[in-house]
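Could you walk me through this model, stop by stop, while I have it open in my viewer? Please tell me what to select next and what is there.

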Amino acid sequence: MITVFGSINMDLIATTARLPKPGETVAGTGFSTAAGGKGANQALAARRAGAQVGMAGAVGSDSFADGALALLREAGANLSLTKTVEEPTGTAHIIVGGDGENVIVVVASANGTVGEEDAVSAVAGMAPGDTLMLQLEIPAASVEKALSEAKRQGVRSIINIAPLTADAARLGRMADIVIANETEFELLAGKSGIDGAEREAAMRQLHAETGQTVIVTLGAEGVVAVHEGEVHRARGLKIEPVDTVGAGDTFCGYLAASLDAGLAFPDALRRAAVAGSLACLKPGAQPAIPTAAEVAARL
């Protein structure tokens, strides 16, 4: 069983031939809305991967709320720990360029009301061996409380330290498994401009200090991890990306679901990497998350 404690958003997506420079206006080529939020994205990915998933978070009492939860509800995720508040539903304002790269502005709104009492409620019904998944689009104090409760109850914790915040390094060291991209890992390691062998050495050092599994996603280069004293690498698929929004969340959700299902760590890492690649082939975050069958067909 996986419980995701995190953000729920409505994504407002504009496409354009190229991303604008600061102060520049460019013509858009399309607009759409899609359910999003790093927490909800990861929850849907884990559910599509085959896991039993509960989503703990908050939406507003506005017109965006139903749409933000629609795909989770359709997939059969447990939404009993998702509360409705007076603040608006969180939104992400996304611009996607012709090369698939993106810029994003996230407005927390309802996600900012997720408190420490919600963290206690999210973990209370979990059993030893269950998995708690977190990100950093809800208040840091709530994430910290959830991590503490998970440790106390023998629940495996996974944190994706995105988006990068001032609390990311501290919170990242509290989880059993930490997932970061290259930039986020530099903050976690306290070093900048590292790559290749130097990054691997820093990952080994962090693993030795904390005992946690350390995973760094490398975009088109795949992923590298240190788990139980060993370095593991996995490659995704060679693709021409349409939209990279949600690819990292897909990786996280599939990794959690694969470990929850008892897959060996190298197999879980590879499955998650392939799923993340497939998520780049369609626009939007949640609509692009592949099914378990689609991933299995490419393994």
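The tour below goes from one sheet to the pockets and then to a second sheet.

**Before you start**

This is a predicted model, so local features need pLDDT of at least 70 and side-chain atom pairs count only at pLDDT 80 or more, while totals for chains, interfaces and linings use all residues. Residues are numbered from 1 along each chain as its sequence is written, and side-chain values use heavy atoms, with hydrogens and water left out.

**Stop 1: the sheet of 4 strands**

Select strand E2, residues 9–16. Strands (E, at least two residues) and helices (H or I, at least four) are DSSP runs numbered from the N terminus. Of the 8 residues in E2, 6 are buried, where buried means under 20% relative accessible area, exposed over 50% and partly exposed in between, with a 1.4 Å probe and protein chains only.

Now add the partners of E2. Strand E3 (residues 28–36) runs antiparallel to E2, joined to it by 8 bridges. Strand E6 (residues 90–96) runs parallel to E2, with 7 bridges between them. Two strands count as paired if DSSP finds at least two bridges between them.

Asp-11 is a handy residue to label here: it stands opposite Ala-34 in E3 and opposite Ala-92 in E6. Label Asn-9 too, whose bridge partner in E6 is Gly-90.

Colour the whole sheet next. It is open, has 4 strands in the order E3-E2-E6-E7, and its pairing is mixed. E3 and E7 are the edge strands, each pairing on one side only. Neighbouring strands are turned by 15 degrees against each other on average, direction ignored. Helix H2 (residues 64–75) packs on this sheet, touching E2, E3 and E6, and its direction makes about 85 degrees with that of E2. Axes here are lines fitted to C-alpha atoms, for helices over the stretch in contact, and angles run from 0 to 180 degrees between N-to-C directions; contact means heavy atoms within 4.5 Å.

**Stop 2: helix H1**

Select H1 and show its surroundings. Is H1 enclosed or open? Because 9 of its 11 residues are buried, H1 is largely enclosed by the rest of the structure. Among the buried residues are Lys-38, Asn-41, Gln-42 and Leu-44. Just step past the helix: H1 is followed by Gly-50, whose phi is positive, near 115 degrees.

**Stop 3: the largest pocket**

Centre the view on Asn-181, Thr-217, Thr-244, Ala-247 and Gly-248, which lie nearest the centre of the largest pocket among its 50 lining residues. A pocket is an open set of points on a 1 Å grid over the protein atoms alone, where a 1.4 Å probe fits, with protein on both sides within 12 Å along at least five of seven lines; lining residues have an atom within 4 Å of a point. About 1400 Å³ of space lies in this pocket, the volume being the space filled by probe spheres set on the points, which are joined across faces, edges and corners.

Elements giving two or more residues to this lining include E2, H1 and E6 from the earlier stops, as well as strand E10 (177–181) and helix H6 (182–189). H8 gives the most, with 5 residues. The lining divides into 24 nonpolar, 16 polar and 10 charged residues; Ala, Val, Leu, Ile, Met, Phe, Trp, Tyr, Cys and Pro count as nonpolar, Asp, Glu, Lys and Arg as charged, and the others, Gly among them, as polar.

**Stop 4: the second largest pocket**

Select Glu-182, Arg-199, Glu-221 and Arg-235, which are among the residues lining the second largest pocket. About 160 Å³ of space lies there. The largest share of its lining, 4 residues, comes from H7. Its lining residues divide into 5 nonpolar, 1 polar and 6 charged.

**Stop 5: the sheet of 9 strands**

Colour the open sheet with the order E5-E4-E1-E8-E9-E10-E11-E12-E13, which has mixed pairing. E5 (82–85) and E13 stand at the edges with a single partner strand each, so one side of each is left without a neighbour in the sheet. E12 and E13 run antiparallel and are joined by 5 bridges, with Val-223 opposite Ala-234 in E13. H6 packs on this sheet, touching E9, E10 and E11.

**Stop 6: Leu-237**

Finish in the loop between E13 and H8, at Leu-237. This residue is buried, with a relative accessible area of 18%. Its contacts, leaving aside neighbours within four places in sequence, are Arg-270, Val-274, Ser-277, Leu-278 and Arg-298.
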